[in-house]
Amino acid sequence: MSEKKRVGNTVSIVGIVLNFMLAASKIIFGVLFGIVSLTADGANNLSDCGSGVVSLVSFRIAEKPADKEHPYGHQRAEYIAAMFIGFFVLLIAVELLRESIEKIVTGTVADTGYLVYILLGVSVAAKGGMFAMYRIAGKKFDSDVLKAAALDSVCDCIATAAVAAGMLVSDYAGFPADGIAGLVVVLFIVWEGVGIVKNASSRLLGQAPAPDFVERLKETVLQSDGVLGVHDLRVYRYGPNKYFATVHVEMDVREGAETSHAKIDALERRVLRELGTELTAHFDPVDPTDSEAKELEEKIRAAIDGIYEEMDLHDFRLVRGERKKIVFEVGVPFDLKIGDDEVAATLTSAVRVLTDAEPVITVERE
């Protein structure tokens, strides 16, 4: 068992036990004293138990090998489980919303005791400790699951403080603030539930990886032996720790196919070793000594620079024959409102002013 899985299992189990104890205590006290905000806070902790189970399952699934039916592994099962938990959390929120509104309408003031305040103080202290535990482990192993649990613990501290504030107002001002505090906690529960469903569904649909990870991958490729340029980098995520990627690498055509192939093999092994990502690299031959092509590329870059924001020109080739052709690709942002055909037509017009060669332009969304 790897250290990450061992620590992840331990942290998740500790979180499940603590959250269950807090949830049971708050729900029991909330029902006995008729404090709807305390019951809501307990339900919130109960949902955290489910989140802890998801974390535990995710670390177990992470090391399960791929099989014939699932060649990319099983890690996306975590996202499906997270969506079920998110919907369950939202169902709890609906019932607690009804109870909170009923409390506000009836104006009922709950009777509390010092034991309730002690429970809330213990809850805040426990959640603070869980925040530190999740944060340290999350940073050490770069775990999104544990980092999210740390953020959730901070939100729980705020929610519990809102419950205590509502009870204090009810006790010393005679104002039925319990229902209002319950609404505040319900809002936190809804926020968490929506966030869980949204994040899990986004990842199931193929959420883009973190920009810093993509940048590290790109820099690793650029620093590898024989690589002159990089473009068309695509990263595919099949779970919290399962990445695949494809990339086009520009290499000197004079080195020969066998040498370039050996360097690409070394590059793919390095990316797997250092970043845990299975990379497939496509070889794009370039000739650094072709002065005509280089001069023409520089002129075209200068001519189209600034036509569209964040546009990237790559894979430039000068094809010689009965009629010269200029072949290149441009990457434009996904949120660019102009269609690909219009982008290609605009760039084609700009290129034809510079040369008689026929431009062949491919537009990509990056």
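## Exercises on helix faces and their neighbours

Let's begin on the outer side of helix H7: the face turned away from its buried side carries the exposed residues Pro211 and Asp212. Please keep in mind that this is a predicted model.

### Exercise 1: The two sides of H7

Find which residues of H7 are buried, and work out why they lie on the same side of the helix.

*Solution.*
- Step 1. Start with the length. H7 has twelve residues, and the distance from its first C-alpha to its last is 16 Å, close to the 16 Å expected at 1.5 Å a residue.
- Step 2. Pick out the buried residues, using the cut-off of under 20% relative accessible area. In H7 these are Phe213, Leu217, Thr220 and Val221.
- Step 3. Look at their directions around the axis. They cover an arc of only 100 degrees, so they sit on the same side of H7.
- Step 4. Ask what this side packs against. The partners of the buried residues of H7 are strand S1 (229–237), strand S2 (243–252), H8 and strand S3 (277–286).

### Exercise 2: The two sides of H8

Now do the same for H8: which residues are buried, and which are exposed on the other side?

*Solution.*
- Step 1. H8 has 19 residues and reaches 26 Å between its first and last C-alpha atoms, close to the expected 27 Å.
- Step 2. The buried residues of H8 are Ser260, Lys263, Ile264, Leu267, Glu268, Arg270, Val271 and Leu275.
- Step 3. Seen down the axis, these buried residues fall within an arc of 160 degrees and therefore line one face of H8.
- Step 4. Turn to the other side of H8, where Glu258, His261, Arg269 and Arg273 are exposed.
- Step 5. The cover over the buried residues of H8 includes H7, S2 and S3.
- Step 6. Just after H8 comes glycine 276, with a positive phi of about 65 degrees.

### Exercise 3: How H7 and H8 meet

Describe the packing of H7 with H8: what is the angle, and how far apart are the axes?

*Solution.*
- Step 1. Helix H7 (residues 211–222) and helix H8 (residues 257–275) pack at an angle of about 145 degrees, and their axes are 10 Å apart.
- Step 2. The handedness of this crossing is right-handed.
- Step 3. List the residues that make the contact. H7 gives Phe213, Arg216, Leu217, Thr220 and Val221, while H8 gives Leu267, Arg270, Val271, Glu274 and Leu275.
- Step 4. Sort them by class: six are nonpolar, one is polar and three are charged.
- Step 5. Compare with the burial lists. Phe213, Leu217, Thr220 and Val221 are buried residues of H7, and Leu267, Arg270, Val271 and Leu275 are among those of H8.

### Exercise 4: From H10 to valine 332

Check the length of H10, find its buried residues, and follow its packing to one residue of strand S5.

*Solution.*
- Step 1. Helix H10 (residues 340–352) has 13 residues, which should span 18 Å at 1.5 Å a residue; the end C-alpha atoms are 18 Å apart, in agreement.
- Step 2. Val343, Ala344, Leu347, Thr348, Ala350 and Val351 of H10 are buried.
- Step 3. They cover an arc of only 165 degrees around the axis, so they are on the same side of H10.
- Step 4. The buried residues of H10 pack against helix H9 (291–304), strand S5 (325–332) and strand S6 (358–365).
- Step 5. Take valine 332, which is in strand S5. With 1% relative accessibility, valine 332 counts as buried.
- Step 6. Leaving out residues up to four places away in sequence, valine 332 touches Met311, Val343, Val363, Glu364, Arg365 and Glu366. Val343 is one of the buried residues of H10.

### Exercise 5: Two positive phi values

Aspartate 232 has a positive phi, and so does glutamate 310. Is aspartate 232 buried or exposed, and is glutamate 310 buried or exposed?

*Solution.*
- Step 1. Phi of aspartate 232 is near 55 degrees, although the residue is other than glycine. Aspartate 232 is in strand S1.
- Step 2. Its relative accessibility is 9%, so aspartate 232 counts as buried.
- Step 3. For glutamate 310, also a residue other than glycine, phi is near 60 degrees. Glutamate 310 is in the loop between H9 and strand S4 (312–319).
- Step 4. Its relative accessibility is 67%, so glutamate 310 counts as exposed.

### Exercise 6: Serine 153

Place serine 153 in its helix and list the residues that it touches.

*Solution.*
- Step 1. Serine 153 belongs to helix H5 (residues 144–173).
- Step 2. Its relative accessible area is 1%, so serine 153 is buried.
- Step 3. Not counting residues up to four places away in sequence, serine 153 touches Lys127, Met130, Phe131 and Tyr134.

Definitions and conventions:
Residues numbered from 1 in each chain as written. Predicted model: local features only at pLDDT ≥ 70, side-chain atom pairs only at ≥ 80, totals over all residues. Heavy atoms only, no water. Axes fitted to C-alpha atoms, helices over the stretch in contact; angles between N-to-C directions. Helix = DSSP H or I, 4+ residues; strand = E, 2+ residues; numbered from the N terminus. Left-handed = near helix turned anticlockwise from the far one by under 90°. Contact = heavy atoms within 4.5 Å. Nonpolar A, V, L, I, M, F, W, Y, C, P; charged D, E, K, R; others polar. Expected span 1.5 Å × (residues − 1). Buried < 20%, exposed > 50% of the residue type's maximum accessible area, 1.4 Å probe, protein only. Arc of directions from axis to C-beta.
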